[in-house]
Amino acid sequence: MEHPLSLYNTLTRRKAPFEPLHAPFVGVYLCGPTVYSEAHLGNARGPVVFDVLTRYLRYLGYTVRYVRNITDVGHLESDADEGEDKLAKKARAQQLEPMQVAETYAHRYHHHMAQLGNLPPDIEPRASGHITEQITMIEEIIANGFAYEVNGSVYFDVPTYNESHNYGKLSNRNIDELLAGTRDNLAGQSEKRSPLDFALWKNASPEHIMRWPSPWGEGFPGWHLECSAMSRKYLGKEFDIHGGGLDLMFPHHECEIAQSQASHSHTDESQVWMHNNMITVNGTKMSKSTGNFITLTDLFAGTTEALSQVFSPMVVRFFLLQAHYRSPVDVTEDGLQAARKGYRKLMNGLRLLDKLALPEGTERAPDTEKADAELRKLTADCFVGLNDDLNTARCVASLFNLLRKLNGYGANLATLANVSEAALQETTAAYRALVTDILGLADEPRADAEQLLHLTLHFYQEAKAAKDYAKVDEIRAALKEQGIVVKDTKAGVDWAYSEE
RNA sequence: GGUGACGUGACCGAGUGGCUAGGUAGAGGUCUGCAAAACCUCCUACGGCGGUUCGAAUCCGCCCGUCACCUCCA
């Protein structure tokens, strides 16, 4: 499949033409949410970016299998032995079954993703549903000599692994420097042979409520294992693209690579590692732990203290796409406001497309070559940005350049005589595809139907008062088509749904 | 301390050795009953100091500032 898409690979630190391992199939894995609390805006960036990526890959003709997991187990609160699941902690605090907590936030997450226009992943595996796969992987790693068991817990042996592999190759760290920085943390990690070792399986203390049986006793899987196990199950030992937030690069993705190399996978999991940058508020990263975040619920409802007005999901999506995914984005009211206007401009362009037609009886110019070339150049420019490491910011900028041209034609349809029908069709089709299919921007209805209905009834009453019965009948008929019947009562005009 | 990223016009935000980014805001104009939208024109910036070069915002060095990762985080 010929295409000019290049992607930046964190592993190699450079851009390279994207070549799938098994074209036309493309496997994409994105580290998904830990469902123990409300998702915030920062959590939305990765899904939006990778939604655009998978949409574009499909547009290019690939058959994509997009996997995005849900983490509903694991993730210790701290590295110390008495560490606890975030989920378990939340569940205990709310007197709930841990899975209730997970389900609640998973549902909300799905709702928010849909609002943002993200297509659902093809497979959305849950860590809790893949305990056996994780146990199998641990057994492989132990058999290969890269993990050891202590008191019912299993740890990955980083120093041993590093002797034959390169631990830290993704995040560009070396083990000696890491060790130097962790020396004073040795206390409280007595089970580990090295402070760099990480848990593959943790023995569950009696009060730990999320637990599964394993060859090492009752416990639960380590924080990094699920992604290795589930990506392998659904995408194979080696697949095309693995994504996640920049903050997952170390240690999460580094550990994933180590686990896959140390198990029977013997690969880096994916050919291309992609990392989206962070979203900041007031210049600092949005983060659950620091409390510096805006939840999607608050953002869409306008109930966050950080902002004084409502911003709709599509405006937020557009706002995110106006920046390149590897750049940090700072959320400000001014920025969102500017994005809202830009988004609406793009949507107005969408509505213009159908109106772009040469008026009846207008003669087509004999030579449309020049104008055709101009239009095609503007269209092609939109793809140049996308192809350059999914630079949606450049794509959007090019779309505005194209839109200006189209608006020009729209203001004076007769000037369409200068372009050929073919070039016009190509252009409008590309605009539509870019905006809706690839960038995933949908036209959010702004008007409230009931308000419009009241407006119509107002005119109905005016017509009636003026005894303009032709107009009255016309309005009645028009509303009937919409399934609305007008009711003249003694109290005034009212309406009801037609029962026909 | 280690690793990495970044500092662009009023704001947001691309790009990059010579060629218009774009959006928002602002100014003027066309159109319009008045508007709005749209279109045209203008506002032309790259933290500081050196260096390389015919030419640097773009490469190199130093300095200043900001941020991220090194503990869970998208």
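**View 1. Helices α11 and α13 cross with left-handed geometry.** The model shown here is predicted. Helix α11 spans residues 333-352, and helix α13 spans residues 392-411. Their axes come within 10 Å and cross at roughly 45°. That angle is neither under 35 degrees nor within 65 to 115, so α11 counts as oblique to α13.

**View 2. Residues at the α11–α13 contact.** Helix α11 contributes Leu346, Gly349 and Leu352. From α13 come Leu399, Leu403, Leu406, Asn407 and Gly410.

**View 3. Strand β3 is mostly covered.** The strand runs over residues 25-30. Five of its six residues are buried. In a regular strand, side chains alternate between the two faces of the sheet.

**View 4. Strands β3 and β4 run parallel.** Strand β4 covers residues 63-68. Six bridges join β4 to β3. At this pairing, Leu30 stands opposite Arg68 of β4.

**View 5. A right-handed β-α-β crossover links β3 to β4.** The chain leaves β3, passes through helix α1 and reaches β4. Helix α1 takes in residues 41-59.

**View 6. Strand β3 also pairs with β9.** Strand β9 comprises residues 239-245. Three bridges connect β9 with β3, again in the parallel sense. Leu30 of β3 appears here too, standing opposite Gly243 in β9. Leu30 thus has a partner in β4, Arg68, and one in β9, Gly243.

How values were computed:
Residues are numbered from 1 along each chain as its sequence is written. Chains are lettered from A and ligands numbered from 1 in the order in which they are written. This is a predicted model: local features need pLDDT of at least 70, side-chain atom pairs count only at pLDDT 80 or more; totals for chains, interfaces and linings use all residues. A residue is buried if 20 or more other C-beta atoms lie within 10 Å of its own, exposed if 12 or fewer, and partly exposed in between; C-beta atoms are placed from the backbone. Helices (H or I, at least four residues) and strands (E, at least two) are DSSP runs, numbered from the N terminus. Two strands pair if DSSP finds at least two bridges between them. A crossover is right-handed if, with the strands pointing away from the viewer, the path from the first strand over the helix to the second runs clockwise. Axes are lines fitted to C-alpha atoms, for helices over the stretch in contact, and angles run from 0 to 180 degrees between N-to-C directions. Angles under 35 degrees count as roughly parallel, over 145 as roughly antiparallel, 65 to 115 as roughly perpendicular and the rest as oblique. A crossing is left-handed if the near helix is turned anticlockwise from the far one by less than a right angle, and right-handed if clockwise. Two residues are in contact if their C-beta atoms, placed from the backbone, lie within 7 Å.
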